[in-house]
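Me: I'm new to this one, and I'd like a close look at a single part rather than a quick tour of everything. Could you pick one stretch, go through it slowly, and then show me how it sits with the rest?

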Amino acid sequence: RVSEIVGNPLDNALADLENAVNGLSPIAFRNRYLKIKEAIESGNTASACGGLQGMSGLAKVQEGKKITREQAAAVLKAIAALNDILGCSK
């Protein structure tokens with residue numbers, strides 16, 4: 001089954017994103033993460049990609065305001081990994 005082959009990198013990338021957003025303010029990061037995770041688990045790639053795009057925008061807007069440059073970079077790195085795995089278009 002395909003899900004077993006892609007499972008580990010996907011699970012790892014999702015865990016990286018969860019670690020990157022844990023404790024971030026605003027709470028929108030956590031809420032978006034949960035929606036992305038749910039979309040991935042239900043096989044809705046388009047919704048997951050849309051969520052990742054939204055979170056990317058949120059990270060860029062909040063950088064230097066509510067989150068540090070390092071926190072934003074960690075979120076964006078995790079988003080990029082998930083984008084690659086899911087095949088989200090740029």
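Reply: Let's take helix H2, and begin with its outward-looking residues: Lys35, Glu38 and Glu41 are exposed, on the other side of H2 from its buried residues. Here buried means under 20% relative accessible area, exposed means over 50%, and partly exposed is anything in between, with a 1.4 Å probe and protein chains only. Before we go on, this is a predicted model: local features need pLDDT of at least 70 and side-chain atom pairs count only at pLDDT 80 or more, while totals for chains, interfaces and linings use all residues. Residues are numbered from 1 along each chain as its sequence is written, and side-chain values use heavy atoms, leaving out hydrogens and water.

Now turn H2 around. Phe29, Tyr33, Ile36, Ala39 and Ile40 are the buried ones in this helix. They sit on the same side of H2, because they cover an arc of only 130 degrees around the axis. (That arc is the one made by the directions from the helix axis to the C-beta atoms.) There's a simple reason this kind of pattern can turn up: an α-helix has 3.6 residues a turn, so residues three or four places apart point the same way.

How long is H2? It runs over residues 28-41, 14 residues, which at 1.5 Å a residue should span 20 Å, and its end C-alpha atoms are indeed 20 Å apart. The expected span is 1.5 Å times one less than the number of residues. Just after H2 comes Gly43, which takes a positive phi of about 80 degrees.

So where does H2 fit in the whole chain? The protein chain has 4 helices and 0 strands, running α-α-α-α from the N terminus on. Helices (H or I, at least four residues) and strands (E, at least two) are DSSP runs, numbered from the N terminus. The radius of gyration is 12 Å, close to the 12 Å that the globule rule gives for 90 residues, so the chain is as compact as a globular protein of that length. That radius is taken over C-alpha atoms, and the rule is 2.2 Å times the number of residues to the power 0.38. The C-alpha atoms fill a box of roughly 45 × 20 × 20 Å along the principal axes, and buried residues make up 34% of the 90 residues.

The link back to H2 is Phe29. Along with Leu17, Met55 and Val75, Phe29 touches the most other members of the largest nonpolar core, which has 26 residues. The elements giving two or more residues to this core are helix H1 (2-21), H2, H3 and H4. Such a core is a set of buried Ala, Val, Leu, Ile, Met, Phe, Trp, Tyr and Cys residues joined through side-chain atoms within 4.5 Å.

Follow Phe29 outward and you meet two partners. One is Val75: not counting residues up to four places away in sequence, Val75 touches Leu17, Ala20, Val21, Leu24, Phe29, Met55 and Ala59. Contact here means heavy atoms within 4.5 Å. The other is Gln62, found in helix H3, which touches Pro26, Phe29 and Ile67 under that same exclusion of sequence neighbours. Gln62 is buried, with a relative accessible area of 15%.

Val75 takes us into H4, where Ala72, Val75, Ala78, Ile79, Leu82, Asn83 and Leu86 are buried. Seen down the axis of H4, these fall within an arc of 145 degrees, so they line one face of the helix. On the other side of H4, Arg69, Glu70, Lys77 and Asp84 are exposed. After H4 comes Gly87, with a positive phi near 75 degrees.

H3 meets H4's residues too: Ser56, whose place is in helix H3, is in contact with Leu76 and Ile79, leaving aside neighbours within four places in sequence.

One last stop is the structure's 1 disulfide, where a disulfide is a pair of cysteine sulfur atoms within 2.5 Å. Cys49 and Cys88 form this link, with their sulfur atoms 1.9 Å apart. Cys49 is in helix H3 (residues 45-62) and Cys88 in the segment after helix H4 (69-86), 39 residues apart, so the pair links distant parts of the chain. Cys49 is buried at 15% relative accessible area, and Cys88 is buried at 10%.
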